[in-house]
Amino acid sequence: MFGSFPIARVFGTTVRIDLSWVLLVIGTAALWPGDPLAAVINLLLLFTLVTLHELGHTLAARYFKIEVLDITLWFLGGMARMREIPENPKVEAVVALAGPAVNFLLAALALPFLLASGIASMSDIAPNATATLAGLLANFILINLFMGASNLLPAFPMDGGRVFRALCGVFTDWLNATRIAAGVGKLFAAGLIVLGFVSRQWSIAAVGLFVWLAGSRELWAVRMRRMQQQMREQTFGGLGERAATFTPVETEEPAGSGTKTDPSGDDPSGARRPSDNPLAQGRALDDEAVRRLEQFRGSIRKPRDSQD
Ligand SMILES: [Zn+2]
């Protein structure tokens, strides 16, 4: 990404253009072999369809109350930046599928118009012929089908790869699921890079490189989140959330964790308490517990509903 600027607001989301997209437009217009008008129409079409694809992701994310920061178009496509997608297979799959779903829906909607436009057969239409209405419609359908299908390749972090991670996430934890999806994504990425070099289609190699790097970055992000979580748990850890409330009330313990009546019990109610909870036993906090409390940042008082 070389820096971007906003150009429009659609459904409350800012659409931004990356400078790499501007370079792509200039390059395409300069190198286009045929009619320059056809180049402009094709680019506008591509621009619109990428935006609509990203809007599909955006609206699905909003449905799940995920904040979408903006949509950026750059030379490899579009990107809807979201605040934080929950680690939830269903949410991940729905948000990922919504983009390609828009493309397939648009292609299906355009098909009757193409058939009604009076073409004799599909072979009458060249993919790039945008001079006629039939040509434009055919182009519209082909771009949508290509965009929908290519994004569904299981090349994490592309849409298909996200769906694949969601599927893995049903059977294993999120970090593992991401590891598997990123691994498969890198196989695809390596394939694309090799294909790009062999066929001298540098844009294919660039997509491969992007998939490789973006997949690694996402895996790293999930790892970091997991590490932060573990650190929080370690700091808070053995003390237990309930003990940290400083309210020595009855505590229901998970089964088999040794819930006993306090043997030294001077408690007339005979309440069942966890034997290893210093607070519940009326003992002072030991040094280790104090150290943990000192290191713990955040609210240590959890609202409790008990009045007694
Ligand atoms: Zn997508």
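The bend at a residue is the angle between two axes, one fitted to the seven residues ending there and one to the seven starting there. I wrote that down before going to helix 3. There I found a kink of about 35° at A98, shortly before the proline P100. I keep in mind that this is a predicted model.

**Entry 1: the whole chain**

I began with an inventory. The chain has eight helices and six strands. I read the elements from the N terminus on, and they run β-β-α-α-β-β-α-α-α-α-α-β-β-α. Next I looked up burial. Of the 308 residues in the chain, 28% are buried. Then I looked at contacts with a separation of 6 or more. Residues 24 or more positions apart account for 55% of these.

**Entry 2: the sheet**

I looked for the strand order. Four strands form an open sheet in the order 1-2-3-4, with mixed pairing. Which strands stand at the edges? They are strand 1 (4–10) and strand 4 (77–82). Each has a single partner strand, so one side of each is left without a neighbour in the sheet. I also noted the twist, which averages 25° from one strand to the next.

I then went through the pairs in turn. Strand 1 and strand 2 (residues 13–18) run antiparallel and are joined by six bridges. Across this pair, R9 stands opposite T14, and P6 stands opposite R16. The two strands make a hairpin with two residues between them. In that hairpin, F11 takes a positive phi near 50°.

Strand 2 pairs with strand 3 in the parallel sense, over three bridges. I met R16 again here, this time opposite T72 in strand 3. So far, R16 has turned up facing P6 and facing T72.

Strand 3 and strand 4 run antiparallel, with six bridges between them. One partnership I checked was D70, whose bridge partner in strand 4 is R81. These two strands also form a hairpin, again with two residues between them.

What packs on the sheet? Helix 1 (residues 19–31) does, and it touches strand 1, strand 2 and strand 3 (68–74). The direction of helix 1 makes about 55° with that of strand 2.

**Entry 3: helix 2**

I took the length of helix 2 next. Helix 2 has 28 residues and reaches 41 Å from its first C-alpha to its last. That is close to the 40 Å expected at 1.5 Å a residue. Which residues of helix 2 are buried? I listed L49, V50, T51, H53, E54, L55, G56, H57, T58, A60 and A61. I then looked for what covers them. The cover includes strand 1, strand 2, strand 3, strand 4, helix 3 and helix 4. After helix 2 comes K65, with a positive phi near 65°.

**Entry 4: helix 3 and helix 4**

Back to the kinked helix. Helix 3 (residues 89–116) has 28 residues and reaches 41 Å from first C-alpha to last. The span expected at 1.5 Å a residue is 40 Å, and helix 3 is close to that. Just after helix 3, G118 takes a positive phi of about 85°.

I picked one residue of helix 3, L111. Is L111 buried or exposed? L111 counts as partly exposed, because it has 14 C-beta neighbours inside 10 Å, and a buried residue needs 20 or more. L111 and I141 are 30 residues apart in sequence. In space, their C-alpha atoms are 7.2 Å apart.

Then I turned to G135, which sits in helix 4 (residues 133–151). G135 has 21 C-beta neighbours inside 10 Å, so it counts as buried. I checked G135 against L114 as well. They are 21 residues apart along the chain, and 8.7 Å separates their C-alpha atoms.

**Entry 5: the largest nonpolar core**

Last, I looked up the core. The largest nonpolar core has 44 residues. Which members touch the most other members? They are L137, I141, A155, F156, V163, A181 and V211. I141 is the residue I had already paired with L111.

Several elements give two or more residues to this core. They are helix 2 (36–63), strand 3, helix 3, helix 4, helix 5 (159–171), helix 6 (174–199) and helix 7 (202–236). Helix 3 gives the most, with nine residues.

How values were computed. Residues numbered from 1 in each chain as written. Predicted model: local features only at pLDDT ≥ 70, side-chain atom pairs only at ≥ 80, totals over all residues. Pairing = 2+ DSSP bridges. Axes fitted to C-alpha atoms, helices over the stretch in contact; angles between N-to-C directions. Contact = placed C-beta atoms within 7 Å. Expected span 1.5 Å × (residues − 1). Buried ≥ 20, exposed ≤ 12 C-beta atoms within 10 Å, placed from the backbone. Core = buried A, V, L, I, M, F, W, Y, C linked by C-beta atoms within 7 Å.
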